[in-house]
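Student: Please begin with a close look at a single strand residue whose backbone deserves attention, and then work outwards from there to the parts around it. I would like one connected account rather than a list.

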Amino acid sequence: MAYPIPILHSAVNIMTPLLLASMGGLFTELSGMLNIALEGLLLMGAFCGVVFTYYTGSMVLGVLLGILCTMLLSAVLATVTVNLKSNVFITGLAVNLLVSGLTVVLCFELFANKGVVVFDGMPALPVLDIPVLANIPVIGDMLSGHPAFIYLSWLLLAVCHGVLYKTPFGFRLRATGLHPTALASLGIDPNRYRFIAFLISGFTCGLGGAMLTLNLGAFVPNITAGKGWIALVVIFLGNKKPLGLLVAALVFALADAFSNYAQGALNIPADFILALPYVFTLLVMIGFSIYAKKKDSIQS
Amino acid sequence: MADTQRHPRVSALVRDSAGILLIIAIALAALVILAFLLSKTPGKTLWYFFFGPLQNTYYFGNMLNSAIPLIFGGLGVSLAMRSDNFNLGGEGQIYSGAFTATICAIQLAPLGIPGAVLALLAGALVAGFLGGLSGYFRMKWDTSELITSFLISNGVVLMVNYLIAGPFMDTSTNLIATQKIPEAFHLPLILPPSNLSSALFLAVVAVFCVHFYLFKTKMGYELRMSGLNRQFARYGGIDTKLYMVLPMFLSGALYGLGGGIAIYGTYFSCMKEFSTGMGWNGLAVALIAKFKPSAVIPAALFFAYIEAGSRNAMLHSDVTFEIASIVQSVVFFLVTSEVLQRVFGKKGDR
Amino acid sequence: MEFAVEMLGITKTYPGNHFLANDTVDLTLRKGEILCLAGENGAGKTTLMKILYGMEKADAGSIRVMGKDVRIASPLDANKLCIGMAHQHFMLVDGFTVAQNVVMGIEPTRFGCLYDQQQAVKRVEEVIRKHQFSIEAGKPVKSLTVGQKQQAEIVKMLYRDVDILILDEPTAVLTAQETDHLFHTLRSLAKDGKSLILITHKLHEIKEISDRVAIMRQGKMVGVFETSQVDELELSRLMMGQSTALHIRHGATPEDRQAIIRFKEVSVTRHGQQQPLLNRVSFTAQSSEILGFAGVAGNGLGVLEAVLGGFLPVSSGHIYHREKEITNQSQRQLRSHGLAYVPADRLRVGSALEASVQENLIIAARASFSRYTILQKKRMAEHTRRLLEKYSVKGAPGMPIGTLSGGNIQKVILAREMEQYRDYIVLSEPTWGLDIASSQYVYTRMAALRDQGAAVILISSNLDEILALSDRIIVFYQGSMVAFLQGDEARDVSKQELGAYMLGLKCQQEVLHG
């Protein structure tokens, strides 16, 4: 069976921006905020990452600057939501709206082009072949030979886990979502942790978004196409734990990779595939509500 | 306190408007900054932005015309919000309502005007069903209607896209659109050469109807009490479960009606993604109007003005139309801030 | 410097509803003493302590700790002053362990950023062992019993090396044994030189544990006494208020009373709690009488009200309205059958603060004002004007009801319910917060309703009210009926005796066991 391997390989690739976005979203979710701005933040990272790389000629610098810009945006979001006490969903929408407009405006301003912008002379993503891993039959082909980003994201996932479960910060963050009054009664301000959670989501989305565009060496309007929403589903399906995120992200990536194949080979309309993230999220949300309601009624 | 009691309505109005005016001022300030940053001729850009839509009947009429779907959307969201429901599914509701109305209008052509009305109602019904579905999920399982309406809307938009580009496409034109509705169904233009149609009157009628429903009928009263204090409403014997679903249904229906009327008045066939952004603007209109039907018209005009100004600036200057979304996002950012709202509410607080 | 804490002239009004929670309150706490802060619900005890702990800010007044003037802006400040608080509603994260909850905010670390869990458990265990508590530091909080959670709450304080401890209703959910153990701990803490304030309304506990007792009522400090110099009944009198001279004549006893509302063996149990909230309650409310229910807050009165009002289902038993079964009917159904109900929670249940006075007034009668679904504004306005005048309500019909004073809001609610009753009316704490004149008016109207034939069900913790109005009296203690007084008994019973029933000191066995 020759064809599964390319699908598995591309799944790992596809999974990475999703995993990164969901990692950041996990922090905000654990602090009790439903962060739908992941979509906009990813797009911001995608745009800034590729544009800064083009201008500076260095991928590292470009990505870092892109992350910085995305974190700045998430800081604005955090200020308006947490400090100015706004509805988190509406401000998230505002971010998404802002970024989709801003990227087009800037593309037009800088490159006189509102569509796909291809950048010449872009450095290629450094690909790593992991020595021992590459030799294992199926897994090796799946896991080795990826851009360095991907291995970085796995490292970050481990750091995520460490921070959440092995540092005081992680405990206080989780307490912010579970019982903010308990924190306040000890003199700790939950708002501080919510703010930092937003910044973290800016960081991970900045990195994840950059991967999307640097993979292509071009910026495509709306390249994120719902990935921010799937990141939320990944968080819920992964039971809000880092390891679960990995599994859920992989599942979605496999589905995505398969559907790319299916679109060519099986002729399913593109729109249906694009609608899947939203349908999935909807079903997951309803499922969770039913589950929560049943749990509630048993308890009372 | 004595002051407030002497002119309670006026001072309340001033307090409410002050917050909104501040937000609008900030949004326009952002626009000015953008013009200076992005345009090589900021003065010209700003002139065309602020005065372009007003300079002749064509631009002015078009601006008024684009406010019409926003009025319907704003009414819809306001109605839902009064019952403490957030309808974020406007994009899908307006689009699916327009599509359904178009297809039905084509099919019901032989019935004449009654057919036209039926087709509009069919569009409203489909869109209302989508809204009502979110309300139902909330009533049954406490699922956030805010999120479900948004998700359903996104899925529906893609579905309608598929239908228009696929089975329902009119292959005789180069556009990705359905066939045209019968000529007899077109609404008359009232301000040529612009495309402002008599739909404007329908919009104003809709404002009256919603205002009447909310403030002068028993059902409107029950709806509002359910929204203000659900426990109190239940205590008084109101069927609060009904008012979790019905307002969402009506809200979607208003959006769908707006979509159908847009087709009858301006577009005449359902083009792919013709209504993109109307749903969000409807939401923004409702937020600015603070969910008061009477304030929806000025709020809708404001938004239509922003878009018309952007378009004008784009045509005559060197900026792109998307600055409108940047200005709109500033409004979205600030309009739900409790802190900003309280800044003007502090004096004479109760 | 013998005072650990001095609070002087503390005043606090909650902005949202103009509620004067503390009215120039003075409180002193001596070093090494156990002071009980007593009073009924809503007296202002918790607010006062939250101010001391930095969770609320006073509008006026000053605080001195150990003789020094201080400003306490947050719990962090309070901790720095060695003040700790164990809350009534536990501030514990269920998903974390005891140790993780206790050390939150001052977690021990390795290399500056890694959480040293073992060290945390060790140190918490030390504190646990020192005070002979029974909990294990490594266990998740959600697996603890209520009593153990209380211990965890207290360990949180002790871990932080506090000298002044505030405990808010610490025994509310403890068994007798757990309470004994707690008191033993508290006494040894006091002996170690720590100063303690206990918020409670349990009279026998006040007598058992405290050196002094400070009594608050309706936001004011009523008095501070050496515990040895007051007895329980006097305490209850101080907590509940002086007798006001009420002039209500009792109704004549007509022979043809009908059973309007009948409770048969009604019980309400809650998952996870051993004690039922209502325990096999049976009674009949008849026409042309006022049936008064008395009891200390938390002993079942609130649950009874919720059942009567239709928003709490019963676990077993039956309820009848004119012999038609209405057990567990919805509020909608009850309303359509003529429920008139004045709730104790005026602001959250009895009114919609942002709606106008008129809109609040017509909710139950809205159907009678609408013809073909259109509201008849003129008739509504006329009705509103008439009622506002009749009940002397100070406020305009078009203003949001939240701008009215608490007393006037209650008058609107009373006007609404009293004017549209059909055969019975339930009133819970109807004169709480009203001045004497208004209370008098309410009582007159209640008597008039009774004379018209209504079955008036009065649920109140105000003993004067119960005594002055009720034709029959039922006393609740811990969810069960413990006394049933009628006729001459009801007329002649004294406050002391009623208090005795309410505190569980006396009991009519035949009533308790049905």
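## From one strand residue outwards

Tutor: Thr24(C) is found in strand S2 of chain C, which covers residues 19-30. The model is predicted, and everything below should be read as a description of that model. What draws attention to Thr24(C) is its backbone, for it has a positive phi of about 40° although it is not a glycine. Most residues other than glycine have a negative phi. As to its surroundings, Thr24(C) has 13 other C-beta atoms within 10 Å and is therefore partly exposed.

A second residue of this kind is found in chain A, where Lys240(A), likewise not a glycine, has a positive phi of about 60°. Lys240(A) lies in a loop, the one that joins helix H11 (227-237) to helix H12 (242-266) of chain A. With 16 other C-beta atoms within 10 Å, Lys240(A) is partly exposed. Chain B has a backbone feature of another kind, since the peptide bond from Pro192(B) to Pro193(B) is cis, with omega near 5°. Most peptide bonds are trans. Pro193(B) sits in the loop that runs between helix H7 (145-165) and helix H8 (199-216) of chain B.

Returning to chain C, we come to an open sheet of 6 strands in the order S6-S9-S10-S3-S11-S12, with mixed pairing. Its edges are formed by strand S6 (83-86) and strand S12 (220-226) of chain C, each of which pairs on one side only. From one strand to the next the twist averages 20°. At one end of that order, strand S11 (residues 212-217) of chain C pairs with S12(C) in the antiparallel sense over 6 bridges, and within S12(C) it is Phe225(C) that stands opposite Val213(C). Helix H1 (residues 45-53) of chain C packs on the sheet, where it touches strand S3 (34-38), S6, strand S9 (164-168), strand S10 (195-200) and S11 of chain C, and the direction of H1 makes about 145° with that of S9(C). Helix H6 (residues 176-191) of chain C lies across S3, S9 and S10 of chain C and runs at about 145° to S10(C).

Chain C also meets a neighbour, for 23 of its residues are in contact with 18 residues of chain B. On the chain B side, helix H9 (218-228) and helix H10 (230-235) each supply at least two residues, and H9(B) gives the most, with 5 residues. By class, the side of chain B that touches chain C divides into 7 nonpolar, 6 polar and 5 charged residues.

Chain B is in contact with chain A as well, through 31 residues of chain B and 34 of chain A. On the chain A side, helix H4 (88-111) and helix H13 (270-299) each supply at least two residues, the largest share, 14 residues, coming from H4(A). The side of chain A that touches chain B divides into 22 nonpolar, 7 polar and 5 charged residues.

Within chain B, the packing of helices can be followed by way of H12(B). Helix H5 (residues 90-107) of chain B packs against H12(B) at an angle of about 125°, with their axes 7 Å apart, and that angle makes H5(B) oblique to H12(B). The crossing in which H5(B) passes H12(B) is right-handed. On one side of this contact are Gly90(B), Glu91(B), Gln93(B) and Ile94(B) of H5(B), which meet Met278(B), Gly279(B), Trp280(B), Gly282(B) and Leu283(B) of H12(B). The residues of this contact divide into 4 nonpolar, 4 polar and 1 charged.

H12(B), which spans residues 278-288, also packs with helix H13 (residues 293-316) of chain B, at an angle of about 130° and with the axes 8 Å apart. H12(B) and H13(B) are therefore oblique to each other, and their crossing is right-handed. H12(B) brings Asn281(B), Ala284(B), Val285(B), Ala286(B) and Ile288(B) to this contact, while H13(B) brings Val296(B), Ala299(B), Ala300(B), Phe302(B) and Phe303(B). The contact of H12(B) with H13(B) has 9 nonpolar residues, 1 polar residue and no charged residues.

Note on methods:
Residues numbered from 1 in each chain as written. Chains lettered and ligands numbered in written order. Predicted model: local features only at pLDDT ≥ 70, side-chain atom pairs only at ≥ 80, totals over all residues. Helix = DSSP H or I, 4+ residues; strand = E, 2+ residues; numbered from the N terminus. Buried ≥ 20, exposed ≤ 12 C-beta atoms within 10 Å, placed from the backbone. Contact = placed C-beta atoms within 7 Å. Nonpolar A, V, L, I, M, F, W, Y, C, P; charged D, E, K, R; others polar. Axes fitted to C-alpha atoms, helices over the stretch in contact; angles between N-to-C directions. Parallel < 35°, antiparallel > 145°, perpendicular 65-115°, else oblique. Left-handed = near helix turned anticlockwise from the far one by under 90°. Pairing = 2+ DSSP bridges.
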